[in-house]
Amino acid sequence: MTVRHDGLTVDWLGYATLRFAGDDTVVYVDPGRYGVLTGEWEPHTDGIGHPPSSDYRAEDGDIVCVTHVHHYDPDGIERVASDDATIVAYEGIDERVGDRDLPPLSSLPYDVVEVGMKSQTTVKDVPIWSTPAYNEPDGRHTLPDGTPYHPEGFGCGFMIAVEGTRAFYPGDSDVLPGHRTLEVSLLCPPIGPRATMDRHEAAALAATIDPDLVMPVHYNTFSNLEADSREFAADVAEAGVPVVLDEQ
């Protein structure tokens, strides 16, 4: 799905992969995994969030942001990153790459900037803020043994100001208190019901921070991420916030 918003071209390429392009800068967030960029992924619900019909290998990204190890995909990064790209990645990824037999961030042929859960940096004139991203230990998004899918310290979200337009992807997270204080133009919340905020929580967040546009992502990829996007859109619209869906 491609939309134009406040001077940006914004693409949701499937699952958690986002592309933000201004006149001079292209930023990707969480590229790849599960065939999203290879044309091999088949979405859970037909007609929603279809990936490209062939391999996606744009190699036009100036900046590539990675929220946590679940979305660290070296092949995906290679497909979207330009030769002189900078990777902005959560600092805890290298601690967990062994779980998936992945190369460390330092081995990638790009400049790498590691960020913590709550930090601010500027890369190629693009301000980037990282935000905490986790599931509350006593919340609804936990494994059967009560362990959060994403414990505190596992990853981060990103707010990115591409040519003055602030876009916010919370990452794999519950709605957290700090999210409610952000000033953003474009909100891209995950709305799958299991390992992140669900559609009700995301709609309430949209109503609170009142962005100029909401574009939900990360839903209907797998059965455990199934969400009623139309009901989500209705809830967001009822709060007076514009919303766009990928409904093909």
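**Two mixed sheets, a nonpolar core and a one-sided helix**

In the hairpin of strand 8 and strand 9, two residues lie between the strands, and Lys124 takes a positive phi near 55°. The model is predicted. Strand 8 covers residues 119-123 and strand 9 covers residues 126-133. Their pairing is antiparallel and runs over five bridges. Within this ladder, Gln120 faces Trp129 of strand 9.

The hairpin belongs to an open sheet of six strands. The strand order is 8-9-10-11-12-13, with mixed pairing. Strand 8 and strand 13 are the edge strands, and each pairs on one side only. At the strand 13 end, the pairing with strand 12 (residues 186-187) is parallel. Two bridges make up this contact. Leu186 has Leu213 of strand 13 as its bridge partner.

A further open sheet is built from seven strands in the order 1-2-3-4-5-6-7. Here too the pairing is mixed. Its edges are strand 1 (2-5) and strand 7 (111-115), each paired on one side only. From one strand to the next, the twist averages 20°.

Strand 5 can be followed from both sides. Strand 4 (residues 26-29) and strand 5 (residues 61-66) run parallel and are joined by three bridges. Val27 stands opposite Ile63 of strand 5. Val29 stands opposite Cys65 of strand 5. With strand 6 (residues 81-90), strand 5 again pairs in the parallel sense, over five bridges. Gly61 has Ala81 of strand 6 as its bridge partner. Six of the six residues of strand 5 are buried, so the strand is largely enclosed by the rest of the structure. In a regular strand, side chains alternate between the two faces of the sheet.

The connection between strand 5 and strand 6 includes a helix. Strand 5, helix 1 (residues 74-80) and strand 6 form a β-α-β unit of right-handed sense.

Strand 6 also figures in the largest nonpolar core. This core holds 74 residues, and Phe20 and Ile160 have the most contacts inside it. Strand 6 supplies the largest share, six residues. The surroundings of Phe20 can be listed outside its neighbours within four places in sequence. Its contacts include Thr9, Val10, Thr25 and Val26. Val27 and Val29 are also among them, and these two residues stand opposite Ile63 and Cys65 of strand 5, respectively. Phe20 is likewise in contact with Ile160, Val162 and Ala167. Leu186 and Cys188 complete the list. Leu186 is the residue bridged to Leu213 in strand 13.

Strand 13 (213-214) also takes part in the packing of helix 3. Which residues of helix 3 (residues 229-238) are buried? They are Ser229, Phe232, Ala233 and Val236. Seen down the helix axis, the buried residues of helix 3 fall within an arc of 100°, so they line one face of the helix. An α-helix has 3.6 residues a turn, so residues three or four places apart point the same way. The buried residues of helix 3 pack against helix 2 (199-209) as well as strand 13. On the face turned away from the buried side, helix 3 carries the exposed residues Arg230 and Glu238.

Definitions and conventions
Residues are numbered from 1 along each chain as its sequence is written. This is a predicted model: local features need pLDDT of at least 70, side-chain atom pairs count only at pLDDT 80 or more; totals for chains, interfaces and linings use all residues. Side-chain values use heavy atoms; hydrogens and water are left out. Two strands pair if DSSP finds at least two bridges between them. Helices (H or I, at least four residues) and strands (E, at least two) are DSSP runs, numbered from the N terminus. Axes are lines fitted to C-alpha atoms, for helices over the stretch in contact, and angles run from 0 to 180 degrees between N-to-C directions. Buried means under 20% relative accessible area, exposed over 50%, partly exposed in between (1.4 Å probe, protein chains only). A crossover is right-handed if, with the strands pointing away from the viewer, the path from the first strand over the helix to the second runs clockwise. A nonpolar core is a set of buried Ala, Val, Leu, Ile, Met, Phe, Trp, Tyr and Cys residues joined through side-chain atoms within 4.5 Å. Contact means heavy atoms within 4.5 Å. The arc is that of the directions from the helix axis to the C-beta atoms.
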